[in-house]
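Could you walk me through this model in the viewer, one selection at a time? I would like to know what to click on next and what I will find there.

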Amino acid sequence: MADQWTCPFCNHHQVVTENFQSSFSKFHIGKSKHGDTGLAHTATRCVNPDCNEVVLSVRFVKAIAGSNGWAIQKGIEAWELRPSSSSKLQPDYIPIALREDYFEACAIRNTSPKASATLARRCLQGMIRDFCAIAKGRLIDEIKELNQRIDDGTAPRGVEPETIEAIDAVRDIGNIGAHMEKDINLIIDVDPGEAQALIELIEMLFDEWYVARHKREQRLAAVKAIAAEKKAAITTGRAQIAQSAAPAADDQSPVTEG
């Protein structure tokens, strides 16, 4: 195996070769309602020396007999053992409350998609309140205010109209978990894929808002530091020139007639 892979522990991009192993074991327990079954697992070690973690995944699979023995026919159920969450490592300059909501939304995406969507919705609202400094009580009112600021040019750098449209479009998904319908017999479910859509929107906004702002601040600070250093060098150089020229002027003696 030689594939591109990103470690979920450290976000390090790498090529997977000898640091990957997979295996399959057939269950000899008779046919279940799924037919012949077995267990498949994979293990991948991160080659980043600062991480060196092991990622483990397991699949419950349907097995099929072939000319070379038993093989995997299709997957039935899967579990990510390490890490247990699909969340990506986020930088410390993103507020911890937002990171915690994001991590928890990822952790329960498959086991409780509705609760995951609710946490993701709260994270999105928290981002609007923190990054955009808008707090109206209701997410829909905050979105309206942000749209108004986009129209009059006062929205923060990096906030685009299509981004706000996406937040508004998925807002109702999180509402399903946060608010009960008037008709309690009406059951509206949220599947893991829909919860994942909100999670991916959060990850995109982390990058486009917080990470982009941080990189911009770093670049500007670096340029200012270079300018200050050169200005100080010029000032020091001029002072040294002036100091070296002063004694030469003092050594001049008045000319007298003989």
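Here is a short tour of a predicted model, moving from a surface patch to a helix and then to the salt bridges.

**Stop one: a nonpolar patch.** Select Leu39, Trp79 and Leu81 and turn on the surface. Together these residues make a nonpolar surface patch of about 270 Å². Now pick Trp79 alone; you will find this residue in strand 6, which covers residues 69-82. Trp79 has 38% relative accessibility, so this side chain counts as partly exposed.

**Stop two: helix 1.** Next, select residues 96-107, which form helix 1. Try a distance between the C-alpha atoms at its two ends: they are 16 Å apart, in agreement with the 16 Å that twelve residues should span at 1.5 Å a residue. Then colour Leu98, Arg99, Asp101, Tyr102, Ala105 and Cys106, which are buried. They cover an arc of only 165 degrees around the axis, so they sit on the same side of helix 1.

**Stop three: a salt bridge from helix 1.** Keep Arg99 selected and add Asp92. The two form a salt bridge, with 3.7 Å between the closest N and O atoms. Are the partners buried or exposed? Arg99 counts as buried because its relative accessibility is 14%, while Asp92, at 67% relative accessible area, is exposed.

**Stop four: from helix 2 to helix 3.** Show Arg129 and Glu142 as sticks. Their closest N and O atoms are 2.7 Å apart in another salt bridge. This pair links distant parts of the chain, with Arg129 in helix 2 (residues 113-131) and Glu142 in helix 3 (residues 139-152), 13 residues apart. Arg129 is partly exposed at 37% relative accessible area, whereas Glu142 is buried at 0%.

**Stop five: within helix 3.** Stay in helix 3 and select Glu145 and Arg149. They lie four residues apart, about one turn of the helix. In an α-helix there are 3.6 residues a turn, so residues three or four places apart point the same way. Glu145 and Arg149 form a salt bridge here, the closest N and O atoms being 3.0 Å apart. Arg149 is partly exposed, at 22% relative accessibility, and Glu145 is also partly exposed, with a relative accessible area of 22%.

**Last stop: a network.** Finish by selecting Lys26, Lys31 and Asp36, which salt bridges link into a network. How many salt bridges does a search of the whole structure find? There are nine.

Methods:
Residues numbered from 1 in each chain as written. Predicted model: local features only at pLDDT ≥ 70, side-chain atom pairs only at ≥ 80, totals over all residues. Heavy atoms only, no water. Patch = residues over 30% accessible without salt bridge, like charges linked within 9 Å, V, L, I, M, F, W, Y side chains within 5 Å. Areas by Shrake-Rupley, 256 points an atom, 1.4 Å probe, with all protein chains shown as cover. Salt bridge = Lys/Arg side-chain N within 4 Å of Asp/Glu carboxyl O. Buried < 20%, exposed > 50% of the residue type's maximum accessible area, 1.4 Å probe, protein only. Expected span 1.5 Å × (residues − 1). Arc of directions from axis to C-beta.
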